[in-house]
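Please open the model in your viewer and keep the selection tool at hand. The tour moves from one selection to the next, and each stop says what is to be found there.

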Amino acid sequence: MRGPWVMVGNIYRGFLWIVALIFLFFFSVDVNLLGLFGKTPSLEDLQKPKLDQASEIYSSDGVLLGKYYRENRSPVEYRNISPWMFKALLATEDIRFYEHSGIDPEATVSILYYLAKGDSRGGSTITQQLAKNLFKTRRREKKGLLGKVPGLSTIITKSKEWIVSIKLEKAYTKQEIITMYLNTVDFGLNSYGVKTAARTFFNTSPDSLKIEEAALLIGMLKATSSYNPMRNYNKALERRNTVLSQMVKYKLLTTAQYKEISQKPIALNYRPQNTPNGVSDYYNKELTEQLEAWGEENDRDIYSDGLKIFVSIDTRFQTHAQEAVREHVKDLQRKFDNHWQGQNPWVDDDNNEIPGFIERLMTREPIYKALMQKYKKDTASVNAILNTPKKMVLFNWKKPEGDTVIMSSYDSLRYYKRLLHSGIMAMDPKTGQIKAWVGGVDYNHFQYDHVKQSRRQPGSTFKAFVYAAAIDQGYSPCFKIQDKWIDIEYDEDSAGIMLHKHWKPGNANGNFSGMNMTLRHGMGRSINTIAAQLTMMVGPQKVMDYAVKLGIDSNYLKPMPSIGLGPYDVNLYEMVGAYSTFINEGTWLEPQLITRIEDRNGKIIKEFTPKMRKALTKESAWLMVYMLKGTLQEPQGTAQGLFSFNIFRGNELAGKTGTSQNNSDGWFIGLSKDLVAGVWTGADERAVHFRNLRMGEGSKTALPVYGRFMEKVYADKSLGITMGYFPKATVPITRKYICPTFYPKKDTSTVDSTKSVVDSSGASAPISID
């Protein structure tokens, strides 16, 4: 008879041991035994949650530029939230919320099941989700040593969430917990909390949310991007109806109500809450991306950790750059409007207006896509709405705040596509620090960044890489090439078929002088045939290799014969960094935006240094600066328009102009002993441009921005940027470089453009014969 009782006793003792071990495990996790599990919030922490503190962004001259924060989360009380929000949340996330004490036994079984399969999903309660949101139990700094072990990490994290959930249930009422949850959760599009979400998506208060609106918001919590009605209307609609069906399942909504509401389209009244996060300027996107990546790698939250972030931007340089862009583009726009008076400026290669141009562009606009969804692809109805006049605010050079007008969406698009834009970036070539970053004419009206976000054809500014490759391979600035008609033969792989082709590059005006030109003179006057022949001498692949070494993204380049004339898209950020290498004795520095980060107590936690690599020899870099001075010093140099600015009293400058196909893009990269700055000017659409080089070349559209900027910089004595000569060479110059050019009696190749120069590798080539 003792046998069965012994067995029962053993089972009982085994059960007690299991219970004791489980208790010991949870106790160890709670107290962070030996630092193995990471910190778990105490009851005092839960009663006084640590408030998020905004991180501040400072310029290099000590000016507060902006903050990263989550203050657009405005808490509301339980009584000020629509009951439908609570019902939708309970039906979707935690129907037994009012029955459990923070942990749902039924849901826990599913968690353990999935954990056994190596899957971290499961039925977290609302309280557990609040614990995770409030105290970030899944961040690495909260995990401890054992939390870094795969598999065990998930168990520890879940255990913490259970512990914190139980503590939350002791510290707060159910109403307080569910209200805190809705006040802290992220609904997407920078809408934290139910109050901000209600205002953003429906322009209403949280207590006025309708059934279908509450269901949509709760449905978005599963994946705020995938179920965002602004981005994925159909998915959002399907998800909303899923939430409604869950409400029917748990008798929180009648079947009749479901049938009626589920047939309704999503009726948004989108009102983004204009609470700028970060810096209200064009470099904000790049700055935020860099900081968020750093935060992810270092377990820091830029939105709540109270960091002090110091950037290289100097507000004085930035102001001068903004003024230079606005002053010049305002004047240029007036000339452009007069140039196209009575005609539309969107034209093909033969300067004929492109039919249906605006209509095609409209199909890319968010308003068009939203209306097509709303009216079930009824084009006639959509176009009728888009052609209906309404009140709107338009950018206007005469009114910085904008001009209120009555205009249709189509007419508004026609107006905006006529506008010219510009960007400038200035960088200290010795440190890599970016001093000014202006990506457009007015950030309040145009957020698209023309410094790094935009990529455009660089035209003749890309020739610097041809000459850099040649100089670094041993060529002398005095090496001569004849400006003549040439026929370059090459093979191109087209879908696995090797085609033999011809390329016949021409100068901008179609003439050839027949002169034997030095490389310096050919670069100074930006003669296309000289650059094309030199490209073939050093090899297109070599030119591409040097461009990449100097910081140009290889993903956009091809080693084709025309590469040296700039048919492949680049951005200002890359080009300014590349040209800075010439001043920095051949060492390329990645342009630097962030200099250091301090914690909320002022302790430095990170100092940033730019990536660097040796790209050219010191001799080659010095010779390239000498070559670039040729655009000002050589007869008919393309940068001589700078002489109209007050920047040459005992001063040396260098630079390169550029103009792309059809004058769509104007460029200038300028160098001084202390600063390298690049400018791009053009319209958003490449089909919108001046019809002739006299008005549309880079020396007219981009160079004046640089000239105005440098005038302001030199006049501002507080910056410490002085006029002066480029440094002398620090190494012996072994190649002949002093070779004056005698001014020819007659030469008509005076403009700088890559018109009719590109081959079949990408852009059109009117002169090419395949």
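What follows is a walk through the chain as a whole, then a sheet, then aromatic pairs and single side chains.

**The whole chain**

Begin with everything selected, bearing in mind that this is a predicted model. The chain has 26 helices and 19 strands, and of its 770 residues 53% count as buried. If you colour by atom type on a surface view, the accessible surface comes to about 35100 Å², with 53% of that area belonging to carbon and sulfur atoms. Among contacts between residues at least 6 apart in sequence, 72% join residues at least 24 apart.

**The open sheet**

Next, select the open sheet of 6 strands, whose order is 3-2-1-4-14-15 and whose pairing is mixed. Its edge strands are strand 3 and strand 15 (604-607), each of which pairs on one side only.

Move inward to strand 1 and show its side chains. In a regular strand the side chains alternate between the two faces of the sheet. In strand 1 (residues 55-58), Ser 55 and Ile 57 point one way while Glu 56 and Tyr 58 point the other way, and all are buried.

Which strands flank strand 1, and in what sense do they pair with it? With strand 2 (residues 64-68) the pairing is antiparallel over 4 bridges, and here Glu 56 stands opposite Lys 67. The hairpin that joins strand 1 and strand 2 has 5 residues between the strands, and within this hairpin Gly 62 takes a positive phi near 85°. With strand 4 (residues 308-311) the pairing is parallel over 3 bridges, and Tyr 58 stands opposite Phe 310.

Keep Phe 310 selected and add Arg 596, which lies over the face of the Phe 310 ring at 3.7 Å from the ring centre. From there, show strand 14 (residues 594-598), which pairs with strand 15 in the antiparallel sense over 3 bridges; Ile 597 has Lys 606 in strand 15 as its bridge partner.

**Aromatic pairs**

Now hide the sheet and show the rings of Phe, Tyr and Trp, among which the structure holds 22 aromatic pairs. One of these pairs is Phe 201 with Tyr 270, a tilted arrangement at 6.3 Å centre to centre with 50° between the planes. Because Phe 201 belongs to helix 8 (residues 194-202) and Tyr 270 to the loop between helix 11 (255-262) and strand 3 (278-279), the pair ties together parts that are 69 residues apart in sequence. Is each of these residues buried or partly exposed? Phe 201 is buried at 0% relative accessibility, whereas Tyr 270 is partly exposed with a relative accessible area of 27%.

For another geometry, select Trp 346 and Phe 357, whose ring centres are 5.5 Å apart and whose planes meet at 15°, so this pair is stacked. Trp 346 sits in the loop between helix 13 (315-339) and helix 14 (357-362), and Phe 357 in helix 14, 11 residues apart. Both count as buried, Trp 346 with a relative accessible area of 3% and Phe 357 with 9%.

A further ring stop, this time with a charge, is Tyr 227: the charged end of Arg 239 sits over its ring, 5.8 Å from the centre.

**The aromatic cluster and Trp 397**

Select Phe 395, Trp 397, Tyr 415, Tyr 416 and Phe 446 together, since they form one aromatic cluster. Then centre on Trp 397, which lies in the loop between strand 5 (390-396) and strand 6 (399-407) and counts as buried at 13% relative accessibility. Leaving aside neighbours within four places in sequence, Trp 397 is in contact with Arg 326, Val 329, Lys 330, Gln 333 and Val 441. A C-alpha distance drawn from Trp 397 to Val 441 should read 9.7 Å, although the two residues are 44 apart in sequence.

**Lys 629**

The last selection is Lys 629, in helix 23 (residues 618-633). Is this lysine buried or exposed? With a relative accessible area of 11%, Lys 629 is buried, because the cut-off for that class is under 20%. Its side chain makes a polar contact of 3.0 Å with the side chain of Glu 652. Not counting residues up to four places away in sequence, Lys 629 touches Arg 520, Glu 652, Leu 653, Ala 654 and Phe 726.

Conventions: Residues are numbered from 1 along each chain as its sequence is written. This is a predicted model: local features need pLDDT of at least 70, side-chain atom pairs count only at pLDDT 80 or more; totals for chains, interfaces and linings use all residues. Side-chain values use heavy atoms; hydrogens and water are left out. Rings of Phe, Tyr and Trp (its six-membered ring) pair if their centres lie within 6.5 Å; planes under 30 degrees apart count as stacked, over 60 as edge-to-face and the rest as tilted. Helices (H or I, at least four residues) and strands (E, at least two) are DSSP runs, numbered from the N terminus. Buried means under 20% relative accessible area, exposed over 50%, partly exposed in between (1.4 Å probe, protein chains only). A charge sits over a ring if NZ of Lys or CZ of Arg is within 6 Å of the ring centre and within 35 degrees of the ring normal. A polar contact is a pair of N or O atoms within 3.5 Å; within protein, one must be able to donate a hydrogen and the other to accept it, and residues adjacent in sequence count only if both atoms are side-chain atoms. Contact means heavy atoms within 4.5 Å. Accessible areas come from the Shrake-Rupley method with a 1.4 Å probe; for residues, only the protein chains shown count as cover. Two strands pair if DSSP finds at least two bridges between them.
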